[in-house]
Amino acid sequence: MAGRGNNSPAIGIDLGTTYSCVAVWKHNRVEIIPNDQGNRTTPSSVAFADSERIIGDGAKNQVALNPANTIFGAKRLIGRRFSDSKVQQDIKLLPFKVIKGSSGTPKIVVTYKGQEKFLAEEISAMILGKMKETAEAYLGKVVKYAVITVPAYFDDSQPRATKRAGTIAGLDVIRMIDEPTAAAVAYGLDNKSDIVGKKNVLVFDLGGGTFDVSVMTIDKRGVLEVKAVAGDTHLGGDDFDNRMVDHCAMEFKRRCDKDLTGNQQAMGRLRFTSDKAKWILSYANRTSIELDGLYEGIDFSMKFTRAKFEDLNMGSFNKCIDILETCLNDANMKKSCVDQVILVGGSTRIPKVQHMVQEFFDGRELCNSVNPDEAVAYGAAVIAAKVKCGDILLDA
């Protein structure tokens, strides 16, 4: 590995279900690379409009106006068969069309230059290409090498499909690494000098679209091994947004006796504003949702408290704790044997989630000093630098 194109930088990419992030090891530290909008994460969305293709922030911002041609969540489909029960569940919830391809894989249909059909890895390749371009603009040089992260629950075909997406994007994927391992590396838990015997680590990853819990052990050589994984591929920030949107829509109907749920533009505006309100409630006790001319020229305004947000989503929060307990049982490990608990994913900023996890571990201090949106990409960048210089013990 040591001779791998030392003049070409190696980047780390967290290819997320809802957002992606890219990082690089530079000046003896990890740098998270902002996109052309100045944002440190980029929506994993691709929009098609006539002959134009939009990736990232621009795609997400126009989804309410062009839902059938704005593709998101391709990670849910990548490497799967169309007949897979999970794929069949997913496509019922998607606003864009998914059909069975000639080889039995899902194909996404969009109106673009007449009509086009794309495999999930082709959509993922567009997002990875955006990450590559973002890194090249920041570094001022061509980027060839990358480490890409995947969920620990992916089967063999899904990482292979993700690696193909990297190749389509023009990247030499030097390592695929699971997300909890990358998160552990972000916290330096693979540092051999700090380990006496074995260390047990639990990674609690609650993102925008999915929830994963992983239990791993790290031995004195710094080798990380995932012992158990549990999760829900449809549990995350999007669900919390949806409950806020549903609550607001019901309130609008109660006040105005009008049902706006069939109006995609009104629902899109409501979802965008609800998402902003959700983040405000992570550091404030109350906020307001205000939209002029939301539906049929009627303005909408309502107060939203943190307590109300928690009440709407308590079922999901409790489910996270149930899954956490299942993962520990699968690993045959008592919670008292867990040495460190790492919080990953933007939704772990929610105070109630942090409180419930801490309470489950009897008041244990949680590891959340690395930005939870960036921790996986951060670890991937560290791994990329180590692979490039041949200094790595991670189990491939």
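Me: What makes Glu121 count as buried?
Reply: This is a predicted model, and in it Glu121 has 10% relative accessibility. Buried means under 20%, so Glu121 counts as buried.

Me: And why is its partner Arg164 called partly exposed?
Reply: Arg164 comes out at 43% relative accessibility. Partly exposed runs between the 20% and 50% cut-offs, so that's the label Arg164 gets.

Me: How do you know that Arg164 and Glu121 form a salt bridge?
Reply: Their side chains meet at 3.0 Å, N to O, and the rule asks for a Lys or Arg nitrogen within 4 Å of an Asp or Glu carboxyl oxygen. Arg164 sits in helix α4 and Glu121 in helix α3, 43 residues apart, and the pair links distant parts of the chain.

Me: What makes Asp275 and Lys278 a salt bridge?
Reply: Here the closest N and O atoms are 3.2 Å apart, and the limit is 4 Å. Both residues lie in helix α7, about one turn of the helix apart. They belong to a network of salt bridges with Asp241.

Me: Are Asp275 and Lys278 buried or exposed?
Reply: Asp275 has a relative accessible area of 17%, so it's buried. Lys278, at 3%, counts as buried too.

Me: Why is Arg349 with Asp373 said to tie together parts of the chain?
Reply: First, the bridge: the closest N and O atoms are 2.6 Å apart. Arg349 lies in the loop between β18 and α9, and Asp373 in the loop between α9 and α10, so the pair joins parts 24 residues apart in sequence. Arg349 is partly exposed at 29%, and Asp373 is partly exposed at 28%.

Notes:
Residues numbered from 1 in each chain as written. Predicted model: local features only at pLDDT ≥ 70, side-chain atom pairs only at ≥ 80, totals over all residues. Heavy atoms only, no water. Helix = DSSP H or I, 4+ residues; strand = E, 2+ residues; numbered from the N terminus. Buried < 20%, exposed > 50% of the residue type's maximum accessible area, 1.4 Å probe, protein only.
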